[in-house]
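Here are my notes for reading alongside the structure. Please keep the display open and find each residue as it is named.

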Amino acid sequence: MRKTLSFILIIAISFAMISTTCVCSGIVENIEIFIPERISKLNLPEMPEYITLKTDTDRAATYGDEEDPENPCPILQTEDAEIRLEFSKKPDWAGVTWMDGWENLVVDEDGRVVTTIDGHAVQPGIWATSGPILPDTGKPEWRKNDGGDYAYLAGLGSVTCEYGRRGTVNYVEYTVEQDYFKTGMEGAVTVIRWEPVSIKNTSEENYVKYETTTTVWFVTSVTATYPNGNPITKVKAEYRNDRKNTLSSYEITYAVNENETYAITYMPNTATIFEEHNYGLFLPDKSDLPSTIFYTNDPNTWEEYPNGKYWHHYTEDEPIYGEYTVNGVIYVSGSGSNLNKWYTAGHGTLLKRNGLRGVTSFTSPRVR
């Protein structure tokens, strides 16, 4: 009788394990994801209209010599400066991104609102990164900012905009309830992001040459999310700012359950890339390097140029990076021979847990 119970228990545990893992394994084999090389094949909608923003901040000139007011020091932002915002239309919602948190804004019917820098350490739109929290003070061990310009966000209907401190548009996002990746899963919500790029043109009039600037918009990413319960909950494709708007990378998020996912990044095409590891740079200029030397991403065959430079060879749809998330905690994949291992983000501690899948076990479901 005891052997029978043990056998039943083993069967039950095995079935439970199969049920847990089937969401991101067997069922995915029946799903194909359409991710073309050129973005034109996705048949995306035209870029929508968006609201613009004007900003004005209190500033004051300081004088180095009180006896010479005609020679002021640079104009500086005052510590309690008011920031006046004027949108071209009243948004449904708006806010400021401070280093120390998010501030909701209540915009009037004319699209105007006032906030202040008083109480904030730096200007809006500067992101911060922090070190470990010190137990005696409750504050980060170190803190630095990236000097960015991600000051304001506003949304009107299905269109969202991010603006810099001077009101310059960083990006426009358009949310559409449609699955451009053709997965066959119901309930897709897709966010299409456009970003501007300035192109300088040289013109001539009356034998005088002058420069003009034209702003061109291009799609940088297409991100679709799918309801919980599906084997795939997110697909993101990123595209380059080149003439054909070609695919640069894509990421697919596989769900084990509502609290556990694997987000795998794939190489879009076969390529040999020259990388500078000390600074994480991808270097396109290899004219000064021997053209006959070939290196793979197998660390056993890496041959180093001075200053940590390597050749890496990638094949089309090869998984190259991953993030494993469980109960809100993110772990990142290693590199080289450790690609199938998972480490705590920022600290590099190896996650030791049975039943984890490695990055290379996720075969790409991409079709063209």
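1. Tyr152 belongs to strand β11, which covers residues 152-156, and the model in which we look at this residue is a predicted one. Is Tyr152 buried or exposed? Its relative accessibility is 2%, and because buried means under 20%, Tyr152 counts as buried.

2. The surroundings of Tyr152 draw on distant parts of the sequence, as Leu85 shows: the two residues are 67 places apart along the chain, while their C-alpha atoms are 9.7 Å apart in space. Once neighbours within four places in sequence are set aside, the contacts of Tyr152 include Leu53, Thr55, Ile83, Leu85, Gly95 and Val96, and also Cys161, Tyr163 and Arg165.

3. An open sheet of 3 strands has the order β2-β5-β8, and its pairing is antiparallel. Why do β2 (53-57) and β8 (112-116) count as edges? Each of them has a single partner strand, so one side of β2 and one side of β8 is left without a neighbour in the sheet. On average, and with direction ignored, neighbouring strands in this sheet are turned by 20 degrees against each other.

4. Within that sheet, β2 is joined to β5 (residues 82-87) by 5 bridges in the antiparallel sense, and one residue pair to look for is Asp56 with its bridge partner Arg84 in β5.

5. A second set of strands deserves a careful look, beginning with β13 (residues 169-176), which pairs with β14 (residues 189-205) in the antiparallel sense over 5 bridges; here Glu173 has Arg193 of β14 as its bridge partner. How many bridges join β14 to β15 (residues 208-225)? There are 17, and these strands run antiparallel, with Asn201 standing opposite Thr212 in β15. β14 and β15 form a hairpin with 2 residues between them, and in the turn Asn206 has a positive phi of about 55 degrees.

6. In soluble globular proteins, nonpolar side chains tend to be buried together. The largest nonpolar core in this model has 37 residues, of which Ile33, Ile35, Leu42, Phe181 and Ile232 touch the most other members. Among the elements that give two or more residues to this core are β14, β15 and β16 (232-239), whereas the largest share, 5 residues, comes from β17. Apart from this core lies another one, of 21 residues, which includes Ile83, Val96, Trp98 and Ala151.

7. Returning to Ile33, and not counting residues up to four places away in sequence, we find that this residue touches Phe181, Thr183, Ile232, Val235, Ile252, Pro365, Arg366 and Val367.

Terms used:
Residues numbered from 1 in each chain as written. Predicted model: local features only at pLDDT ≥ 70, side-chain atom pairs only at ≥ 80, totals over all residues. Heavy atoms only, no water. Helix = DSSP H or I, 4+ residues; strand = E, 2+ residues; numbered from the N terminus. Buried < 20%, exposed > 50% of the residue type's maximum accessible area, 1.4 Å probe, protein only. Contact = heavy atoms within 4.5 Å. Pairing = 2+ DSSP bridges. Core = buried A, V, L, I, M, F, W, Y, C linked by side-chain atoms within 4.5 Å. Axes fitted to C-alpha atoms, helices over the stretch in contact; angles between N-to-C directions.
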